[in-house]
Amino acid sequence: MKMMKLTYLLAFALAVTLADTGCKNHRPVKVTQIPGSPTGNPNDQTDLNTKPYNNQPGPIAAAPLEEFEGMAKDPAALAAYTVHFAYDSSVVRKSERSNIQAVADALSRDSSAKLLIEGNCDERGTEEYNRALGERRALAVRQALAKGGIDPMRIRTISYGKDKPADPGHDESAWAKNRRDDFVLLHPKSGS
Amino acid sequence: MKNYQRFLKICLPIVFAAAAIHPVRGQNELTITREVPVIGNSKPIPVSLEGFSGEVADVLKLDLYVQGFSFTNADTAQYQISGTIAGSVQGRVVDRFAKSTILSHSYTGASLRRQAHAFADDIVQAITHKNGIAQTQIAFKVQSSTGNGEIFVADFDGHNAQSITHDNTIVAAPAWVPGRLAIYYTSYKRGNPDIFYHNLSTGQRHVVAGYSGLNTSAAVSPDGSKVAMILSKSGSPNVWICNADGTDLKRLTSSSEDSSPCWSPDGQWICFATKIADRRVLAKVPAGGGELQRIPTPGAPNPTEPDWSPDGKWIAFTSQTSEFDICVVPAGGGDPTVLVAGEDPSWSPNSRTLIFTRRTGGRYVLSVLDVFTKQVKDIARISGSDSQPAWAR
């Protein structure tokens, strides 16, 4: 009688185990979602420049300000590559890509150099909205440079809102010039 | 500085005491039907002004005009205001309909200008049973053509202005600590837009938020213990909150286009401008964190720069079409009212008047608006472009 009971119990346990295993094949009980897009084919040539941070979703956190302390500003070096934006937009337009590439090339050539991106707006938005919009414009180009393989921790952003117009005029031609990101190359102070 | 201490010692207790005691009119056999004030659509109260001249007359006219009074002769006025300026201001208000003197008072000390402001506040109190704004202060930004500027503090009418910074750098977004002589503002002094706390009594200041990227748009909680602000340290401009001294920093929003936070007077909510489903909207989020709720502004597109009225009833904001308009929407939901052309409204402590900026000739001037009658007047200009006003409350 005792033996019967034990066999019964074992059979039941086996059935449960099997059922459980069978179930697992179809519908996992616990799923852990890993953030980021799926890893691409390693043979895919277009992904060769991609750094791990590009697979992270959302914006890239800022680099600590101390990393830029005491660096010498060179606003002339990249003055020709100012990136311009459409009205009330922080989307980097295709027409601006060659300028961004030129900035990326300059940073690739000199690994000790860093970059300050200054985001600016035309005068039409409200003041604090524009201060945020200027920052979004600077961050958008930082993100584009990161996609191009530049370490975003080498890049610092600042927004001047509408406080530093390139053209003080009040017409569309002035506004188009003022909706911009200026680039300032940063060099380590000599001797450091 | 003496003036501010005076303001703190004398005015604030009066403001709070008067706010706590809601005066009730004596019960008469006669039923007096009083017009319920409608935002943007109320008639001014006609008064006459006799016996004053020069600065005192100018002060009284501006103070009363921007609080919903209009000027007429003694025969058609509802209230007759009269007095003298023999060394000091003496004034009287007669209710012509009730045929009674409702105010008779003389003022000494300080300046004629301050005496006139005190008389204006007494007139408003006697006629409307509400606190006036004539002895309140504002903070704002004064910018030169270089883009650099300073933070100023002045009487609400722009007089007695003092520069509280001397940094010759870009400054922005002053915000008062409620009931205290202290403000927060943004300064680029250290080469980055950082948020400073500045004690006006001692002149001492320190950085409260100096993170990488943007630190701006500080807004102080009604009890002064917390600060909401815009930071971009995590890669996009968002609403963050911290203690008054900058500690215990927390991120409240994660949308990509946030700006201009302000507090509900009960300290429960933070209202701000953002973008949802590709549309610029106003939204609010619990100050302790949580779900974001939209504040609809039908018919007033592209809202930015919200400011919640101290009585909790209204949210003033800037709507952008081809131009900018000052609008007011019921905080609990409803249709917004478009008031006048302008930007960046800030409520007076009595929730009746707004100070805002107006563009003229490529610069900003400050203007004061009575939201009920829509009577509006520019205040005294400092220099350059005066903007981002914040009313002390």
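**View 1. The two domains of chain B, whose centres, taken over C-alpha atoms, are separated by 31 Å.** In this predicted model, local features need pLDDT of at least 70 and side-chain atom pairs count only at pLDDT 80 or more, whereas totals for chains, interfaces and linings use all residues. Residues are numbered from 1 along each chain as its sequence is written, and chains are lettered from A and ligands numbered from 1 in the order in which they are written. Chain B is divided into domain 1 (35-128) and domain 2 (137-391), with bounds that come from an automatic or database domain assignment. Across the boundary, 13 residues of domain 1 of chain B are in contact with 15 residues of domain 2 of chain B, a contact being two residues whose C-beta atoms, placed from the backbone, lie within 7 Å. The domain 1 side of this boundary divides into seven nonpolar, four polar and two charged residues (Ala, Val, Leu, Ile, Met, Phe, Trp, Tyr, Cys and Pro count as nonpolar, Asp, Glu, Lys and Arg as charged, and the others, Gly among them, as polar).

**View 2. The side of chain B that touches chain A.** Here 32 residues of chain B are in contact with 25 residues of chain A. The elements of chain B that each give two or more residues to this side are β9 (171-176), β13 (215-220), β17 (259-263), β21 (304-308), β25 (343-347) and β29 (385-391); helices (H or I, at least four residues) and strands (E, at least two) are DSSP runs, numbered from the N terminus. By residue class, the side of chain B that touches chain A holds nine nonpolar, 17 polar and six charged residues.

**View 3. The open sheet β17-β18-β19-β20 of chain B, with helix α3 of chain A packed on it.** The four strands follow one another in that order with antiparallel pairing, where two strands pair if DSSP finds at least two bridges between them. Because β17 and β20 (293-295) of chain B each have a single partner strand, they stand at the edges, and one side of each is left without a neighbour in the sheet. Neighbouring strands of this sheet are turned by 35° against each other on average, direction ignored. Within the sheet, eight bridges join β18 (residues 269-276) of chain B to β19 (residues 279-286) of chain B, and B:Ile276 has B:Arg279 as its bridge partner in β19(B). Helix α3(A) touches β17 and β18 of chain B, and its direction makes about 130° with that of β17(B); axes are lines fitted to C-alpha atoms, for helices over the stretch in contact, and angles run from 0 to 180 degrees between N-to-C directions.

**View 4. The open sheet β9-β10-β11-β12 of chain B and the surroundings of B:Ala175.** The pairing in this sheet of four strands is antiparallel, and its edge strands, each pairing on one side only, are β9 and β12 (205-209) of chain B. The twist from one strand to the next averages 30°. Four bridges link β9(B) and β10 (residues 182-187) of chain B in the antiparallel sense, and B:Ala175 finds its bridge partner, B:Tyr184, in β10(B). Leaving out residues up to four places away in sequence, B:Ala175 touches B:Ile183, B:Tyr184, B:Tyr185, B:Ala218, B:Ala219, B:Val220 and B:Ala390. B:Ala175 and B:Tyr184 are also among the five residues, with B:Met229, B:Ile270 and B:Ile315, that touch the most other members of the largest nonpolar core, which has 133 residues; such a core is a set of buried Ala, Val, Leu, Ile, Met, Phe, Trp, Tyr and Cys residues joined through C-beta atoms within 7 Å. Helix α3 (residues 127-147) of chain A gives the most to this core, with eight residues.

**View 5. The consecutive hairpins around β26 of chain B.** Strand β26 (residues 353-360) of chain B is mostly covered, with six of its eight residues buried (a residue is buried if 20 or more other C-beta atoms, placed from the backbone, lie within 10 Å of its own, exposed if 12 or fewer, and partly exposed in between). Three bridges join β25(B) to β26(B) in antiparallel fashion, B:Glu343 standing opposite B:Thr357, and in the five-residue turn of this hairpin B:Ser351 has a positive phi of about 60°. Between β26(B) and β27 (residues 363-370) of chain B there are eight bridges, again antiparallel, and B:Thr357 stands opposite B:Leu366. Two residues separate the strands of this hairpin, where B:Gly361 takes a positive phi near 55°.
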